[in-house]
Amino acid sequence: GDPDGVGDGTAAFKFFGSLDRAILVLFQCMTGGVNWQDVLDVLAERTSPLVALPFCLYIAFTVLAMLNVITGVFVESAIASTRAENSLDLLNSLREVVERMKDVGSNTLSWENFQNELNNPRMLSYFKSIDL
């Protein structure tokens, strides 16, 4: 490349005139502040077309890393929502089982009714869900 090609006022100077400008341009390439193809064209034209490979690898790595983080946040949110929903379903299931075990016309639960429900599939499912 031409050493004067990065002179003041050129596109190369605008993008890569100093370390802080180069870092800013790399950030802008990832956040939509600058079209990375424009930066790549200037970089390859003023230096060497071989510089395109590391630059493209930087873009690909950064995009994949951002997608990974965004996907991780989404998946974690979905898992937390599912846990809360499962806990609520479990609580409602337990309430239904206990309501069926109560004595008719009473608000008490007898040991005999509890023992009779121990082999009920819903009760077994509840016990399994709480690892009993």
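**Entry 1: salt bridges**

A salt bridge here is a side-chain nitrogen of Lys or Arg within 4 Å of a carboxyl oxygen of Asp or Glu. I'm working on a predicted model, so I'm keeping that in mind as I go. Going by that rule, I get a count of 1 salt bridge.

Which side chains meet in it? I looked it up, and they are those of R46 and E45, with 3.9 Å from N to O. That value makes the cut because the rule asks for within 4 Å.

Next I checked whether the two partners are buried or exposed. R46 comes out as partly exposed, at a relative accessible area of 27%. E45 has 60% relative accessibility, so I put E45 down as exposed.

**Entry 2: cysteines**

How many disulfides does the structure hold? I found 0. I took C29 first and looked for a partner: the nearest cysteine sulfur belongs to C56, and it sits 10 Å away, so C29 is in no disulfide, given that the two sulfur atoms would have to be within 2.5 Å. Then I ran the search from the other end. For C56 the nearest cysteine sulfur is that of C29, again 10 Å off, and C56 is in no disulfide either.

A reminder to myself on what was missing: a disulfide is a covalent bond between the sulfur atoms of two cysteines.

I also noted the surroundings of each cysteine. C29 is buried, with just 7% relative accessibility. C56 is partly exposed, and its relative accessible area is 31%.

**Entry 3: two helices**

I moved on to helix α3, which covers residues 36-46, and helix α4, which covers residues 52-101. Their axes are 10 Å apart, and the helices pack at an angle of about 160°. Angles over 145 degrees count as roughly antiparallel, so that is how α3 runs relative to α4. I wrote down the crossing too: α3 passes α4 in a right-handed one.

Which residues make the contact? On the α3 side I listed W36, V39, L40 and L43. On the α4 side I listed A52, F55, C56 and I59. So C56 from my cysteine entry turns up again here, as part of the α4 side of this contact.

**Entry 4: one more residue in α4**

Last, I picked V69, which lies in helix α4. Buried or exposed? V69 is exposed, with a relative accessible area of 55%. I then took a distance from V69 to G7: C-alpha to C-alpha, they are 39 Å apart in space, and in sequence they are 62 residues apart.

Note on methods. Residues are numbered from 1 along each chain as its sequence is written. This is a predicted model: local features need pLDDT of at least 70, side-chain atom pairs count only at pLDDT 80 or more; totals for chains, interfaces and linings use all residues. Side-chain values use heavy atoms; hydrogens and water are left out. Buried means under 20% relative accessible area, exposed over 50%, partly exposed in between (1.4 Å probe, protein chains only). Axes are lines fitted to C-alpha atoms, for helices over the stretch in contact, and angles run from 0 to 180 degrees between N-to-C directions. Helices (H or I, at least four residues) and strands (E, at least two) are DSSP runs, numbered from the N terminus. Angles under 35 degrees count as roughly parallel, over 145 as roughly antiparallel, 65 to 115 as roughly perpendicular and the rest as oblique. A crossing is left-handed if the near helix is turned anticlockwise from the far one by less than a right angle, and right-handed if clockwise. Contact means heavy atoms within 4.5 Å.
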